[in-house]
Amino acid sequence: MNLQDLRNRIDALDDQLLAVLNERMELVREVGELKRSSKSIIYRPEREKQILDRLEKRNAGLLTRQAIDAIFFEIFAVSRNLELPERISYLGPEGSFTHQAAESRFGAMSEYLVLPTIHSVFESVETGRAKFGVVPIENNQEGIVIETVDFLRDKNLTIVAELMLPIHFTFASQSDSLRDIRRIYSKDIAFRQCGKFISEYLDGLDVELISVDSTSKAAKMAAADPESAAICSSISARLFGVPVLFDNIEDSDQNRTRFLILSKDFVNAKSNDDKTTIIANLPNTNRPGVLYDFLKDFNDRGINLTKIESRPQRGEATFRAWFLVEFLGHVEDPAVQEIMHKYGTHLKWLGSYVKVS
């Protein structure tokens, strides 16, 4: 079989894919009509997980689980836009890693609201200007995003889903030679996370490192400065048309950022592989054993705690703290219900959602 024969077979399969996808979208449209008539929620992460898990079990070909997820998340996003177009806000600028995270779940077709601060993302969802908001919550190299944690306590939004994004940096420049580069733009955190590349590849060169607000801005500046380069995301390099000289220049290939998708009054059904996030504002924390007793309640019920972060009680003269707590399980689980009832108003439920991390 020659190359043209193979291309003809691929074209025929593409025609079949198009027909099947259109058939699927017709069913999606009918589902959307039923959901609108019953005022049901369109975005169902637990249902998407069921589909992906089922497809992985049936898969007998070359596609990996990662490839299946990438293909079908885009199909899900197109489907949701047919059911009910909704606006998604995210922490900008355009071309940021949060932008990349948002598109990985809501697709390229969705209507996006690019906002400058985490607070503005929370506010856009709280006021209804956006149905969903996407914000970073933690990086496994740099730790927790304090602003996100504080607004989770202060605002009345719920966590719809979490998603994990591998963080890869590129070295982008209009110059073909490192020796012609005089300036490198990037965000301070990116310089830290790419220190080995900078010391090894730029050793002995007269290059100024210029810190800017975002890696996306770095790419934009490099696009206008032929004697410069940017350490940025691949999406921002493409967005501003800056050629990529080197990919994956970060020190650690284990660099991951976790993001949260937020909404108002959103409750996920159980998926049998869930995580729950709560705020614990425990009374009498100056008394010995208060935090121990609280954590022991989880241990006694066989609930696996995955995170506890303390934050100061601002506005007080004391050094009391409140806690962000995450554990495996769903708020509807009987053991979790026992704890929620025991501590009552001292706990704030933020969401139960499909576990990714």
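Is Asn-248 buried, exposed or partly exposed? To find out, select Asn-248 in the loop between strand S10 (244–246) and strand S11 (256–263); with a relative accessible area of 46%, Asn-248 is partly exposed, because the partly exposed class lies between 20% and 50%. While Asn-248 is selected, look at its backbone as well, where phi is positive, at about 50°, although Asn-248 is not a glycine.

Before going further, keep in mind that this is a predicted model. The protein averages a pLDDT of 90, and 99% of the residues score at least 70. If you colour the elements by this score, strand S12 (residues 274–280) has the highest mean, 97, whereas H3 has the lowest, 84. Where pLDDT is low, the predicted coordinates should not be read in detail.

**A second loop**

Now move to Asp-265, which is found in the loop between S11 and S12. Asp-265 is not a glycine either, and yet its phi is positive, at about 50°. Most residues other than glycine have a negative phi, and most peptide bonds are trans. In terms of accessibility, Asp-265 has a relative accessible area of 68% and is therefore exposed.

**Around helix H4**

Next, select Gly-92 and Pro-93 together, and look at the peptide bond that joins them, which is cis, with omega near 10°. Pro-93 belongs to the loop between strand S1 (87–91) and H4, and following the chain onward from there brings you to helix H4 (residues 97–106). Seven of the 10 residues of H4 are buried, so this helix is largely enclosed by the rest of the structure. To see them, pick out Phe-97, Thr-98, His-99, Ala-101, Ala-102, Arg-105 and Phe-106, which are the buried residues of H4. Just after the helix, stop at Gly-107, whose phi is positive, at about 75°.

**Where H3 meets H4**

Two packed helices are described by the angle between their axes and the distance between the axes. Show H3 and H4 together: their axes come within 6 Å and cross at roughly 75°, so the two helices are roughly perpendicular to each other. On the H3 side, the contact is made by Phe-73, Glu-74, Ala-77, Arg-80 and Asn-81, and on the H4 side by Glu-103, Ser-104, Arg-105 and Phe-106. Sorted by kind, the residues of this contact are three nonpolar, two polar and four charged.

**Where H1 meets H3**

Keep H3 (residues 65–83) on the screen and add helix H1 (residues 3–38), which packs against H3 at an angle of about 45°, with the axes 8 Å apart. That angle makes H1 oblique to H3, and H1 passes H3 in a right-handed crossing. From H1, select Leu-21, Arg-24, Met-25, Val-28, Val-31, Gly-32, Lys-35 and Arg-36, and from H3 select Ile-75, Phe-76, Val-78, Ser-79, Leu-82 and Glu-83, since these residues make the contact. This set divides into eight nonpolar, two polar and four charged residues.

**A last stop in H2**

Finish with Glu-48, which is found in helix H2 (residues 45–58). Is Glu-48 buried or exposed? Its relative accessibility is 8%, so Glu-48 counts as buried. Once its neighbours within four places in sequence are left aside, Glu-48 is in contact with Tyr-43, Phe-73, Phe-76 and Arg-80. You have already selected Phe-73 and Arg-80 for the contact of H3 with H4, and Phe-76 for the contact of H1 with H3.

Technical notes: Residues are numbered from 1 along each chain as its sequence is written. This is a predicted model: local features need pLDDT of at least 70, side-chain atom pairs count only at pLDDT 80 or more; totals for chains, interfaces and linings use all residues. Side-chain values use heavy atoms; hydrogens and water are left out. Axes are lines fitted to C-alpha atoms, for helices over the stretch in contact, and angles run from 0 to 180 degrees between N-to-C directions. Helices (H or I, at least four residues) and strands (E, at least two) are DSSP runs, numbered from the N terminus. Angles under 35 degrees count as roughly parallel, over 145 as roughly antiparallel, 65 to 115 as roughly perpendicular and the rest as oblique. A crossing is left-handed if the near helix is turned anticlockwise from the far one by less than a right angle, and right-handed if clockwise. Contact means heavy atoms within 4.5 Å. Ala, Val, Leu, Ile, Met, Phe, Trp, Tyr, Cys and Pro count as nonpolar, Asp, Glu, Lys and Arg as charged, and the others, Gly among them, as polar. Buried means under 20% relative accessible area, exposed over 50%, partly exposed in between (1.4 Å probe, protein chains only). pLDDT is the predictor's confidence in each residue, from 0 to 100.
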